[in-house]
Amino acid sequence: SLKDSFVQRRRWGAGTLQSSRKYLKQLLRLAVCKGNRDAFDIALLYMGMYVQLVSLLPTVLTVAQLALQIRHNPAVGVQQAMGAGAVAMLGGLLVGVAFVFICTAVEKKADRVGLSTYLFMWLYLLSWVPANLLCLFTRPPKWVAIEHTAAIMIGDCEPHEPPKAAKFQQTKETGA
């Protein structure tokens, strides 16, 4: 359910935040001083919640400006607010559709995606913002098992080779 998904995303967010607090400085040092791309990649992931928090500032300022405009000139202010809302919703829809299209194309699963996925992905993506922001200001939710009822067939899993280092470790450990 959407509620279970939200709780799970809060747990993931809390874990990301804990890791960020512990490792972000080291990762940034490695990325900047040593040019380590992997460290840079993980540092960007860990900075996601902070970026979301800062990105709310333009939204808050826009809402405040529209509220002042509505107070000063109600007809124009309401018209601008409706226009801004329509543009934001359309932009979110287009980003969500593009996200689903790219992901399903890369994973070669486009034939499994229904119209509702394309139409409502923006809402799912948008729900990450409050889930992540809550992690910044509240304790993580307690762990509760979430029943997984979706069926997956063995044919849905793509086999992949473990990295060469993993093969080496297996060989080293088994003596083969």
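Here are a few questions and answers about the helices and the largest pocket of this predicted model.

Q: What makes H2 oblique to H3, rather than parallel or perpendicular?
A: Start with the angle: the axes of H2 (residues 37-46) and H3 cross at roughly 45 degrees, and they come within 4 Å. Roughly parallel needs an angle under 35 degrees, and roughly perpendicular runs from 65 to 115. The crossing fits neither, so H2 counts as oblique to H3.

Q: Which residues of H2 and H3 meet?
A: Leu44, Leu45 and Tyr46 on the H2 side meet Gly48, Met49 and Tyr50 on the H3 side. Contact here means heavy atoms within 4.5 Å. Sorted by class, that's five nonpolar residues, one polar and no charged. Gly counts as polar and Leu, Met and Tyr as nonpolar, so the one polar residue is Gly48.

Q: How do you know which elements line the largest pocket?
A: Look at who gives two or more residues to the lining: helix H3 (48-72), helix H4 (74-106) and helix H5 (115-137). H4 gives the most, with eight residues. The pocket holds about 580 Å³ of space. Of its 20 lining residues, Thr59, Ala88, Gly92, Leu126 and Val129 lie nearest the centre.

Q: What is the class make-up of that lining?
A: It splits into 13 nonpolar, seven polar and no charged residues. Charged would take Asp, Glu, Lys or Arg, so none of those four sits in the lining.

Q: Why is the pattern written α-α-α-α-α-α?
A: The protein has six helices and zero strands, so reading along the sequence gives just that run of α.

Key
Residues numbered from 1 in each chain as written. Predicted model: local features only at pLDDT ≥ 70, side-chain atom pairs only at ≥ 80, totals over all residues. Heavy atoms only, no water. 1 Å grid on protein atoms, 1.4 Å probe; cavity = no way out; pocket = protein on both sides within 12 Å on 5 of 7 lines; lining within 4 Å. Points joined across faces, edges and corners; volume = space filled by probe spheres on them. Axes fitted to C-alpha atoms, helices over the stretch in contact; angles between N-to-C directions. Parallel < 35°, antiparallel > 145°, perpendicular 65-115°, else oblique.
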